[in-house]
Amino acid sequence: MGGAIVAGNWKMHGTKQRALRFCQALGRADIRAEVEVVVFPPMAYLSLFAAATGGLAVELGAQDLHPLPEGPRTGDISGAMIAELGGRWALAGHSERRIHHGEDDALVAAKVGAALAAGLKPMLCVGETLEQRQANQAEAVVARQLRAVLDAVGVAWLSQGAIAYEPVWAIGAGVTAAPGQAEAMHGMIREWAASQGAQAVRVLYGGSVNQENAAELFSQPNINGGLVGGASLDAGSFLAIVAAAG
Ligand code: PGA
């Protein structure tokens with residue numbers, strides 16, 4: 001298993017100015033070699049990020065991609081385009097895509113397959129809603145989301161890519177899963193992946209990670225870092241979260 005990963009998901013935020021300032025701050029930072037740092041900027045800024053982080057120990061990714069390699073799909077972006085612009089990763093299955101764009105498990109699986117075909121490392125997001133947790137379905141939902149992808153594309157990629165467990169009720173909510181609650185789900189994910197033959201899986205936690213709660217979350221044995229939304233927009237707080245991993 002590799003080291004920890006701390007990834008920033010900018011979602012649909014930022015400006016060119018903000019992106020440049022952020023990259024300059026990353027350039028001044030002393031990022032420990034054992035933490036992999038990944039940033040998912042808005043697609044419109046991927047080139048800018050690639051130019052401004054050249055030579056830094058930072059990898060970039062796209063927040064979404066289309067399952068087809070090319071074609072008449074107005075507004076969509078292919079894995080090859082992402083790779084050409086300097087992306088190494090692609091998010092798939094983020095709950096905001098599942099909810100606001102109606103992405104189902106089959107489409108998420110196809111996107112993971114497309115990322116792999118383009119040589120990108122997928123970061124597969126899974127997680128339950130509050131209603132599902134309250135109905136004691138959290139583990140079943142996450143297992144279903146994982147199974148859909150692994151049945152479609154296998155498990156081999158997991159040693160390169162990552163899984164992000166992001167309980168939907170914790171995203172952008174200012175409330176995180178309790179460390180023990182997250183750890184229990186991460187343990188389940190790791191056990192399930194191992195039972196499918198994937199021994200080396202990085203399982204990140206996402207959902208209101210910030211510089212105050214990161215260290216305790218990352219100290220859980222089955223939490224290998226985080227996928228950070230809001231707190232990744234500010235270089236200072238993002239770097240403090242990176243420093244909490246290792
Ligand atoms: P958040 O977002 O840190 O703002 O909760 C996390 C995510 O959606 O990846």
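**View 1. The closed barrel of the predicted model.** Here 8 strands form a closed barrel, and their order is β1-β2-β3-β4-β5-β6-β7-β8, with parallel pairing. Averaged over neighbouring strands of this sheet, the turn of one against the other is 25 degrees, direction ignored.

**View 2. Strands β1 and β2 side by side.** Follow β1 through residues 4-9 and β2 through residues 35-40: the two strands pair in the parallel sense, over 6 bridges. To find your place in this pairing, look for A7, which stands opposite V38 in β2.

**View 3. Helix α7 lying across two strands.** Residues 138-153 make up helix α7. The helix lies across β5 (121-126) and β6 (162-165), and its course makes an angle of about 150 degrees with β5.

**View 4. The shell around the ligand.** There are 13 residues around the ligand, and those that come nearest are K11, H94, E166, G172 and S208. Sorted by character, the shell holds 4 nonpolar, 7 polar and 2 charged residues.

**View 5. Backbone atoms beside ligand oxygen atoms.** Start at G172, where a backbone N or O atom is 2.6 Å from an oxygen atom of the ligand. At S208, a backbone N or O atom lies 2.7 Å from a ligand oxygen atom. G229 joins the scene too, with a polar backbone atom 2.8 Å from an oxygen atom of the ligand. How much of the ligand does the protein bury? Of the 280 Å² that the ligand exposes when taken alone, the protein buries 95%.

Terms used
Residues numbered from 1 in each chain as written. Predicted model: local features only at pLDDT ≥ 70, side-chain atom pairs only at ≥ 80, totals over all residues. Heavy atoms only, no water. Pairing = 2+ DSSP bridges. Helix = DSSP H or I, 4+ residues; strand = E, 2+ residues; numbered from the N terminus. Axes fitted to C-alpha atoms, helices over the stretch in contact; angles between N-to-C directions. Contact = heavy atoms within 4.5 Å. Near = heavy atom within 4 Å. Polar contact = N/O pair within 3.5 Å; in protein donor to acceptor, adjacent residues only side chain to side chain. Areas by Shrake-Rupley, 256 points an atom, 1.4 Å probe, with all protein chains shown as cover. Nonpolar A, V, L, I, M, F, W, Y, C, P; charged D, E, K, R; others polar.
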